[in-house]
Amino acid sequence: MKNKKIHIEQKELVVKSKTDNLTEIRTFVSNGARSAGVPPNVVDNIILAVDEACTNIIKHAYKYFPEGEIHIKLEFTSNKFTIIIIDHGTPFNPESIQDPDLQKYFIQHRVGGLGMYLMKSLMDEVKYISVPGKYNQVQLSKNI
Amino acid sequence: MAEFSTSTKEVGEISIIYLKGYLDAHTAPTLENTFSNLIEKGKYRTVVNFNELNYISSAGLGVFMAYIEKIRENNGDIKLSSMSEKVFNIFDLLGFPLLYEIYQTEEEAVNKFIESKSFEK
């Protein structure tokens, strides 16, 4: 509707790129989603998707360098909950990751790519934007 | 800091690993150590009890992928039990029930090992 104002609320967390910050990230996302009225089972899925995105950033964008920054922004309207995650590490090409064939993974001892598959399965939308030399952004959205 | 711990119990030749807390990329090495220690001791028959596990991410799921082949090569197995619906759903989403036996209770998983052992005789 042309004149209808959409109310958007935002919250932000900035943490260093260390796996011991995953708990703080999950708590931040959980509190934000619950206070936005997202149903508990959907909150669980959102938390896992964000954990997977941040784990990928720590492992692949920052390659375990612990002083990188991860910015996590929550945005919610009456019908959509969006998480925007920004890092300044190595750019990532999501096209290079195929959905995992678990049988093949099993034989090859491969575990990478499971996180990406979970993110796509658990969220309604997963978007990547990379501006080389500046930032990478992954945007996860869930209709509520 | 994510809280996660494991404890183990021996039932005859079967090792039971109890998981507690949050299993993510930070805590997965704790579970890797538990499996490595059992394998070093030649213990390949393992039941993992998920009753007190609140959370698992793909890093945690990866631990089961990392050790299963070595364990099965030695006529062992990793059988899983007592998962909450939330944790089971993540295993299910990734197709793990095709690759791992998942039981409602620890006793069922233990009995499967005992039954297969009696068939070998």
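Two strands count as paired if DSSP finds at least two bridges between them, and in this predicted model that criterion is met by strand E4 (residues 77-81) of chain B and E5(B), which are joined by 2 bridges and run parallel. Within this pairing, B:Ser81 has B:Tyr103 of E5(B) as its bridge partner.

**The sheet of chain B**

The pairing of E4(B) with E5(B) belongs to an open sheet of 5 strands in chain B, whose order is E1-E2-E3-E4-E5 and whose pairing is mixed. The edges of this sheet are formed by E1 and by strand E5 (102-103) of chain B, each of which pairs on one side only. Strand E1 (residues 4-11) of chain B runs antiparallel to strand E2 (residues 14-23) of chain B, and 8 bridges join the two; within this ladder B:Lys9 stands opposite B:Ile16 of E2(B). E1(B) and E2(B) together form a hairpin with 2 residues between them, and B:Gly12, which lies in the turn, has a positive phi of about 60°.

**Helices on the sheet of chain B**

H1(B) lies across E1, E2, strand E3 (45-56) and E4 of chain B, and its direction runs at about 175° to E2(B). H2(B) also packs on the sheet, where it touches E2, E3 and E4 of chain B, and its direction makes about 140° with that of E4(B).

The two helices also pack on each other: helix H1 (residues 28-40) of chain B and helix H2 (residues 58-73) of chain B meet at an angle of about 15°, with their axes 9 Å apart. Because angles under 35 degrees count as roughly parallel, H1(B) is roughly parallel to H2(B). Their crossing is right-handed. On the side of H1(B), the contact is made by B:Ala28, B:Leu31, B:Glu32, B:Phe35, B:Ser36 and B:Ile39, while H2(B) contributes B:Ala59, B:Val63, B:Phe64, B:Tyr67, B:Lys70 and B:Ile71.

**Chain A**

Chain A holds 4 helices and 5 strands, which follow one another along the sequence in the pattern β-α-α-β-β-α-α-β-β. Of the 144 residues in chain A, 45% are buried, and the chain exposes about 7,800 Å², of which carbon and sulfur atoms supply 51%. Among its contacts between residues at least 6 apart in sequence, 60% join residues at least 24 apart.

The last two strands in that pattern are strand E4 (residues 125-131) of chain A and strand E5 (residues 135-143) of chain A, which pair in the antiparallel sense over 7 bridges. A:Val131 has A:Tyr135 of E5(A) as its bridge partner. E4(A) and E5(A) form a hairpin with 3 residues between them, and A:Gly133 in the turn has a positive phi of about 80°.

A:Asn143 lies in strand E5 of chain A. Its C-alpha atom is separated by 9.8 Å from that of A:Phe76, although the two residues are 67 residues apart along the chain. When residues up to four places away in sequence are not counted, A:Asn143 touches A:Asn79, A:Lys80 and A:Asp124.

**Strand pairings**

The table collects the pairings described above.

| Strands | Sense | Bridges |
|---|---|---|
| E1(B) and E2(B) | antiparallel | 8 bridges |
| E4(B) and E5(B) | parallel | 2 bridges |
| E4(A) and E5(A) | antiparallel | 7 bridges |

Notes:
Residues are numbered from 1 along each chain as its sequence is written. Chains are lettered from A and ligands numbered from 1 in the order in which they are written. This is a predicted model: local features need pLDDT of at least 70, side-chain atom pairs count only at pLDDT 80 or more; totals for chains, interfaces and linings use all residues. Side-chain values use heavy atoms; hydrogens and water are left out. Buried means under 20% relative accessible area, exposed over 50%, partly exposed in between (1.4 Å probe, protein chains only). Contact means heavy atoms within 4.5 Å. Accessible areas come from the Shrake-Rupley method with a 1.4 Å probe; for residues, only the protein chains shown count as cover. Axes are lines fitted to C-alpha atoms, for helices over the stretch in contact, and angles run from 0 to 180 degrees between N-to-C directions. Angles under 35 degrees count as roughly parallel, over 145 as roughly antiparallel, 65 to 115 as roughly perpendicular and the rest as oblique. A crossing is left-handed if the near helix is turned anticlockwise from the far one by less than a right angle, and right-handed if clockwise.
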